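Student: Could we go through this model together, one question at a time?
Tutor: Sure, take a look and ask away.
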Amino acid sequence: MESIIKTEKLSFVYDSREEGIPGRVIIDGLDLEIAKGSFVALLGRNGSGKSTLVKHFNAVHLPSGGCCYVSGMDTADDGLLYEIRRRVGMVFQNPDNQIVASVVDEDVAFAPENLGLEREEIVKRVDDALAAVGMTAFKNHAPHLLSGGQKQRIAIAGVIAMRPECIVLDEPTAMLDPSGRREVMETVKRLREEYDLTVVMITHHMSEAAQADRVIVLDKGSIYLDGTPSEVFSDPERLSQIGLTVPNATLLLYNLRKLGADVPLDAFGDERCANAIYDWLNEK
Amino acid sequence: MLKDITLGQFFPGQSAVHRVDPRFKIVYTLWFIVMVFTASTPCGYALVFLFLLYTVLISKISVKLILKSLKPILIFMIFTAVLNLLYARGETVLWSWKFITITQEGLLRALYMVLRIMFLVAGTSMLTYTTSPTMLTDGVERLFKPLAKLRFPVHELAMMMTIALRFIPILIEETDKIMSAQRARGADFESGNLLRRAKALVPLLVPLFVSAFRRADELALAMECRCYRGGEGRTKYRAMKAGGVDLAAGLVMLAIQVGIILLGRFGI
């Protein structure tokens with residue numbers, strides 16, 4: 001397994017302002033390795049350190065202790081800063097606050113311009129990135145007239161134009177309506193296949209986490225659970241101890257099992273869950 | 001109410017005026033301002049007027065719109081006219097009553113002053129009417145690039161303009177939202193005297209500022225994540241190339257300018 005992101009005993013402490021009082025520990029000696037090409041969902045309640053952790057992946061935060069490596073490059077190395085940021089693109093929650101220009105294509109061109117690429121290459125990347133998120137038709141539009149899902153896709157295109165190896169999404173769907181959420185999830189999954197991307201996604205939506213191939217649950221700055229979605233969601237009680245729930249479909253199956261039904265737990269998504277129950281009823 | 005505000009109104013089009021390179025268009029606009037001030041004879045003013053009319057006509061911007069742009073300065077024009085009318089010294093007295101004397105020279109000067117202001121406003125609005133805001137900022141940045149050598153923050157200013165333009169609609173929408181929210185809690189923005197109304201704006205401005213700062217913080221982070229590191233080593237997506245239109249526009253302006261100067265010499 002080739003890893004793209006690796007942390008060793010990573011810790012991050014917010015220094016307290018007063019002397020003698022210890023700082024607040026956000027991340028506490030975390031060891032983590034993320035495989036190239038994987039789709040990792042990061043769960044945890046507010047204040048569990050998710051956002052702080054991912055900000056280490058592109059050197060926005062530097063470790064207070066331990067190390068963080070991106071493709072073997074130490075994020076603490078100043079000279080590698082832009083190389084690391086190019087490789088690990090980051091998309092945030094509010095699409096309005098990450099779009100810089102007043103025309104869609106100019107915004108997508110922002111990162112390639114910063115990288116100092118030739119004009120022809122920038123034009124090519126802008127066209128490619130817009131096509132990749134399915135927004136070519138909106139090339140000359142003003143971002144503030146687009147829907148939330150469309151804006152978020154533009155923000156993703158702006159990151160894709162850097163040709164990153166990994167994209168980190170910090171609750172990209174938190175401000176979107178259900179259809180916008182679906183749009184973004186589908187775009188992310190398609191991009192992952194087309195560009196061979198590693199995806200790290202922070203989310204509060206369990207149904208989105210179920211679509212990943214690895215789920216990491218953080219609590220109090222360390223890893224609480226780590227495994228495939230079926231492993232992590234197999235124990236709803238353990239998750240509810242730290243205030244999280246499992247996807248609705250899983251909860252239904254779990255409760256049915258408690259009542260003695262022979263249904264699998266890892267049927268994620270409404271349709272698969274319905275089929276699992278149907279099969280069980282047929283067998284009976 | 002706030003939705004009606006359009007800053008730097010731009011009317012897209014494909015006319016020759018639209019296609020002039022923004023850098024040249026800015027320079028030509030400045031030149032036009034100079035041109036207005038060099039005109040001193042009736043024929044000179046007529047020439048400036050014809051040039052302006054020609055530009056408006058080929059740009060397919062409606063004349064009505066240009067007249068509308070003059071409306072906000074109507075009071076200013078009247079004020080200027082009256083002042084010039086009353087204070088200009090002249091020989092030929094047309095009308096006199098107590099301390100008020102109106103001379104022919106004064107009348108002519110008032111007319112010229114008003115024409116000058118009209119030409120200036122109409123001419124400079126043509127710049128924003130036919131150039132997209134982004135092209136305009138880009139033009140300004142490239143035009144002032146030489147100043148960067150004197151440590152003048154050209155790129156930074158252009159970036160600030162770009163971001164300001166981007167966030168105007170967002171902040172307007174937000175103001176609307178905050179106003180509704182405060183109204184729902186009984187705030188009154190419309191009644192009372194000026195002082196009272198100004199005071200009523202405080203609960204509007206405070207949340208607006210807080211939110212603007214939060215947005216700025218997030219935007220800065222997003223920009224950093226997209227490898228932004230100032231203007232150095234940055235390339236440009238939009239190409240700007242001077243072409244035939246720019247040359248043609250320049251030649252027309254040169255001809256008009258020469259005409260104005262000659263007419264001024266002969267005093268017609």
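Student: Which exposed residues sit on the face of α3(B) turned away from its buried side?
Tutor: This is a predicted model, where local features need pLDDT of at least 70, side-chain atom pairs count only at pLDDT 80 or more, and totals for chains, interfaces and linings use all residues. Residues are numbered from 1 along each chain as its sequence is written, and chains are lettered from A, ligands numbered from 1, in the order in which they are written. Exposed means 12 or fewer other C-beta atoms within 10 Å of a residue's own, buried 20 or more, with C-beta atoms placed from the backbone. On that face, the exposed ones are B:Leu50, B:Leu57 and B:Ile58.

Student: Why do the buried residues of α3(B) line one face?
Tutor: They are B:Gly44, B:Val48, B:Phe51, B:Leu52, B:Thr55 and B:Val56. Looking down the helix axis and taking directions from it to the C-beta atoms, these buried residues line one face because they fall within an arc of 130 degrees.

Student: Which helices do they pack against?
Tutor: Count two residues as in contact if their backbone-placed C-beta atoms lie within 7 Å. The partners of the buried residues of α3(B), within chain B, are then α1 (16-19), α2 (22-38), α4 (63-70), α6 (104-130) and α11 (244-266).

Student: And which element gives the most to the side of chain B that touches chain A?
Tutor: 26 residues of chain B are in contact with 33 of chain A. Giving two or more residues to that side are α7 (133-143), α8 (154-184) and α10 (202-225) of chain B. With 8 residues, the one that gives the most is α10(B).

How values were computed. Helix = DSSP H or I, 4+ residues; strand = E, 2+ residues; numbered from the N terminus.
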